[in-house]
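Visitor: Got a minute to look at this one with me? I'd like to start with the pockets.

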Amino acid sequence: MDLKEIYREIVNEHNLHPEHKHDLCDPTVCLHGVNPSCGDDIELKLKIENGMIKDGSFVGSGCAVSQASADMMLDLIIGQTKEDAEKTIDIFNRMIQGKASEEEIESLDEAAALQNISFMPARVKCAQLGWNTMKKIIEEDEK
């Protein structure tokens with residue numbers, strides 16, 4: 001099995017069996033994210049306490065890439081501080097742009113499966129939807 005096939009399986013698994021796609025009772029912050037170019041639509045819900053992301057979920061619809069990417073993102077950021085989550089989001093976005101180091105990409109765990117999405121420009125916004133929505137939540141929560 002080649003690397004591309006393994007990456008495809010990771011994306012499929014997160015799309016078909018997302019751990020974090022459900023409603024979250026009593027979130028402290030919520031934000032709606034939309035990709036108007038293809039119709040991906042999510043609502044990201046988080047419990048943030050004392051600067052720590054305690055729990056998170058998303059609901060919505062969209063392509064396999066957007067849904068899997070949001071699920072992988074939540075795998076990474078739940079349990080992180082807001083500051084560490086911002087760093088993780090930055091690494092992901094730099095990976096998509098081909099500007100992250102191998103060590104940084106490895107820190108993204110399964111989200112590294114989306115590294116080659118940059119070769120499919122129409123899918124970049126799909127992959128970034130959850131991450132950009134998360135970034136906005138952190139920015140708004142700090143205000």
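**Pockets, strands and a few odd residues**

Guide: Let's take the second largest pocket: H5 gives the largest share of its lining, six residues. A pocket here is an open set of points on a 1 Å grid over the protein atoms alone, where a 1.4 Å probe fits, with protein on both sides within 12 Å along at least five of seven lines; lining residues have an atom within 4 Å of a point.

Visitor: And what are we looking at, exactly?

Guide: A predicted model, where local features need pLDDT of at least 70 and side-chain atom pairs pLDDT 80 or more, while totals for chains, interfaces and linings use all residues. Numbering starts from 1 along each chain as its sequence is written, and side-chain values use heavy atoms, without hydrogens or water.

Visitor: OK, back to that pocket. Which elements supply at least two residues of the lining?

Guide: Strand E1 (29-35) and helix H5 (121-141) each do. Those labels are DSSP runs numbered from the N terminus, with at least four residues for a helix (H or I) and at least two for a strand (E).

Visitor: Which residues line the second largest pocket?

Guide: There's a run through Leu-31, His-32, Gly-33, Val-34, Asn-35 and Pro-36, and then Lys-125, Gln-128, Leu-129, Asn-132, Thr-133 and Lys-136. By class that's four nonpolar, six polar and two charged. Ala, Val, Leu, Ile, Met, Phe, Trp, Tyr, Cys and Pro count as nonpolar, Asp, Glu, Lys and Arg as charged, the rest (Gly too) as polar.

Visitor: What about the largest pocket, how many residues line it?

Guide: Its lining has 14 residues, and Tyr-7, Arg-8, Ala-113, Ile-117 and Met-120 lie nearest the centre. Helix H1 (3-16) and helix H2 (64-77) are the elements giving two or more residues to that lining, and H1 gives the most, with five. The class split is nine nonpolar, two polar and three charged.

Visitor: Switching topic: in what order do the strands of the sheet run?

Guide: It's an open sheet of three strands, E1-E2-E3, with antiparallel pairing (strands pair when DSSP finds at least two bridges between them). E1 and strand E3 (52-61) are the edge strands, pairing on one side only.

Visitor: How many bridges join E1 to E2?

Guide: Seven, with E2 covering residues 40-49. One to click on is Asn-35, whose bridge partner in E2 is Asp-40. Asn-35 also turned up in the lining of the second largest pocket.

Visitor: Which residue has a phi near 55 degrees without being a glycine?

Guide: Asp-26 is one of them. Asp-26 sits in the loop between H1 and E1. Asn-50 also has a positive phi of about 55 degrees and isn't a glycine; that residue is in the loop between E2 and E3.

Visitor: Is Asp-26 buried or exposed?

Guide: Exposed, at 66% relative accessible area. The cut-offs, using a 1.4 Å probe and protein chains only, are under 20% for buried, over 50% for exposed, and partly exposed in between. Asn-50 is exposed as well, at 84%.

Visitor: And Lys-82, buried or exposed?

Guide: Buried, with 10% relative accessibility. Lys-82 is in helix H3, residues 82-96.

Visitor: What is Lys-82 in contact with?

Guide: Setting aside neighbours within four places in sequence, Lys-82 contacts Ile-48, Gly-51, Ile-53, Ile-138, Asp-141 and Glu-142. Contact means heavy atoms within 4.5 Å.
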